[in-house]
Amino acid sequence: MKVLGIIGASGHGKVVADIAKKSGYEEIVFFDDNPEVDYCGTYPVVGVTQNIFECNCHAFVAIGNPMVRSRLLEQLEREEKYVPVLVHPSAVVAEDIQLGTGTVVAAGAVINPGARIGKGCIINTCSSVDHDCIVEDYVHVSVGAHVAGTVQIGHHTWIGAGATVSNNLNICANCMIGAGAVVCKDIVEQGTYIGVPARKKV
Ligand SMILES: CC(C)(COP(=O)(O)OP(=O)(O)OC[C@H]1O[C@@H](n2cnc3c(N)ncnc32)[C@H](O)[C@@H]1OP(=O)(O)O)[C@@H](O)C(=O)NCCC(=O)NCCS
């Protein structure tokens, strides 16, 4: 029996569970530190985060906060838990794409040739990452966001819902790009950027 343990019984967890189910996992269980949560969708919460290490299952981190996601994924790797890459069957992923461990590609997302996606990334529903982009570890490209060709996105950066990143740009690590922002210049300083064109939020 192919079992997946998912850390994080949240809305994102529900999406990850659906993708896992469609990817051949027969049983899905959740682990969450909130004692008030018993279920995530139709799947049971069977323990707190640390219990996943006693479970004979594959493991996945479905937590939006990139710092928490990286800490937990690295712990899973240290403890040699098997962590899959999950790709929704409706995502369009070019043949030569590299996807790091613990990355999820959601329904309707498109990743074009030559792109490299690091580990623990979320390429969310109906987003796109175009040709030759380098998306470093723990980046989240939110629902409906679009990243044009040959863009580099630094680790732990979060591209908000519906944001657009123009081609040939670099966005440094640990940034938040607000929902709907349009990035048309390199971003070299960590921070939150909003608006059209995207400017640092004060
Ligand atoms: C940019 C963001 C991080 C700012 O969050 P915050 O620091 O809590 O900001 P606040 O909500 O307090 O808003 C502060 C001001 O910025 C404005 N603002 C917030 N987000 C904005 C955005 N994306 N674009 C333009 N203006 C924005 C607010 O309207 C508010 O303006 P006001 O002071 O005139 O009322 C957040 O609004 C955002 O866009 N998050 C992305 C969420 C997302 O994409 N989720 C996807 C899940 S898949």
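Asn-168 sits in the loop between strand S19 (164–165) and strand S20 (170–171), and its phi is near 60 degrees, a positive value in a residue other than glycine. That makes Asn-168 a good place to start looking around this predicted model. From there, we can visit another loop with a positive phi, a cis peptide bond, some buried residues, the ligand and the largest pocket.

**Backbone angles worth a look**

- Here is some background for this group: most residues other than glycine have a negative phi, and most peptide bonds are trans.
- Tyr-138 has a positive phi of about 65 degrees, although Tyr-138 is not a glycine.
- You can find Tyr-138 in the loop between strand S14 (134–135) and strand S15 (140–141).
- Is Tyr-138 buried or exposed? Tyr-138 has a relative accessible area of 2%, so it counts as buried, given that buried means under 20%.
- The peptide bond from Val-196 to Pro-197 is cis, and its omega is near -5 degrees.
- Pro-197 belongs to the loop between strand S23 (192–194) and strand S24 (199–200).

**Glu-136, in the loop of Tyr-138**

- Glu-136 is found in the loop between S14 and S15, which is where Tyr-138 lies too.
- Glu-136 has a relative accessible area of 26%, so it is described as partly exposed.
- Try tracing the chain from Glu-136 to Ala-17: they are 119 residues apart in sequence, and their C-alpha atoms are 24 Å apart in space.

**Histidines and a serine in polar contacts**

- His-156 is placed in the loop between strand S17 (152–153) and strand S18 (158–159).
- With a relative accessible area of 12%, His-156 is buried.
- Which side chain does the side chain of His-156 join in a polar contact of 2.9 Å? The partner is the side chain of His-155.
- Ser-128 has its place in strand S13 (residues 128–129).
- The relative accessibility of Ser-128 is 13%, so Ser-128 counts as buried.
- The side chain of Ser-128 makes a polar contact of 2.6 Å with the side chain of His-146.

**Other residues in strands and loops**

- Ile-171 is part of strand S20, and with a relative accessible area of 3% Ile-171 is buried.
- Measuring from C-alpha to C-alpha, Ile-171 and Val-143 are 18 Å apart in space, with their positions 28 residues apart in sequence.
- Val-83 lies in the loop between helix H2 (66–78) and strand S6 (86–87).
- Val-83 counts as buried at 8% relative accessibility.
- The C-alpha atoms of Val-83 and Arg-69 are separated by 13 Å, and these residues are 14 residues apart along the chain.
- Pro-44 is in strand S4 (residues 43–47), and a relative accessible area of 29% makes Pro-44 partly exposed.
- Pro-44 and Phe-31 are 13 residues apart in sequence, with a C-alpha to C-alpha separation of 8.7 Å.

**Around the ligand**

- How many residues surround the ligand? There are 13, and the closest are Gly-160, Ala-161, Gly-178, Ala-179 and Lys-201.
- Sorted by class, this shell has six nonpolar, six polar and one charged residues.
- A polar backbone atom of Ala-161 is 2.6 Å from an oxygen atom of the ligand.
- For Ala-179, a backbone N or O atom lies 2.9 Å from an oxygen atom of the ligand.
- Lys-201 approaches with its side chain: one of its polar side-chain atoms lies 3.2 Å from an oxygen atom of the ligand.
- On its own, the ligand has 910 Å² of accessible area, and the protein covers 40% of this.

**The largest pocket**

- The largest pocket holds about 170 Å³ of space.
- Its lining includes Val-183, Cys-184, Lys-185, Asp-186, Ile-187, Val-188 and Glu-189.
- Tyr-193, Pro-197, Ala-198 and Arg-199 also line this pocket, so you meet Pro-197 again here, the residue that follows the cis peptide bond from Val-196.
- Which classes make up this lining? There are seven nonpolar and four charged residues, and no polar ones.

Conventions. Residues are numbered from 1 along each chain as its sequence is written. This is a predicted model: local features need pLDDT of at least 70, side-chain atom pairs count only at pLDDT 80 or more; totals for chains, interfaces and linings use all residues. Side-chain values use heavy atoms; hydrogens and water are left out. A residue is near a molecule or strand if one of its heavy atoms lies within 4 Å of it. A polar contact is a pair of N or O atoms within 3.5 Å; within protein, one must be able to donate a hydrogen and the other to accept it, and residues adjacent in sequence count only if both atoms are side-chain atoms. Accessible areas come from the Shrake-Rupley method with a 1.4 Å probe; for residues, only the protein chains shown count as cover. Ala, Val, Leu, Ile, Met, Phe, Trp, Tyr, Cys and Pro count as nonpolar, Asp, Glu, Lys and Arg as charged, and the others, Gly among them, as polar. On a 1 Å grid over the protein atoms alone, a cavity is a set of points where a 1.4 Å probe fits but cannot get out, and a pocket is an open set with protein on both sides within 12 Å along at least five of seven lines; lining residues have an atom within 4 Å of a point. Grid points are joined across faces, edges and corners, and a volume is the space filled by probe spheres set on the points. Helices (H or I, at least four residues) and strands (E, at least two) are DSSP runs, numbered from the N terminus. Buried means under 20% relative accessible area, exposed over 50%, partly exposed in between (1.4 Å probe, protein chains only).
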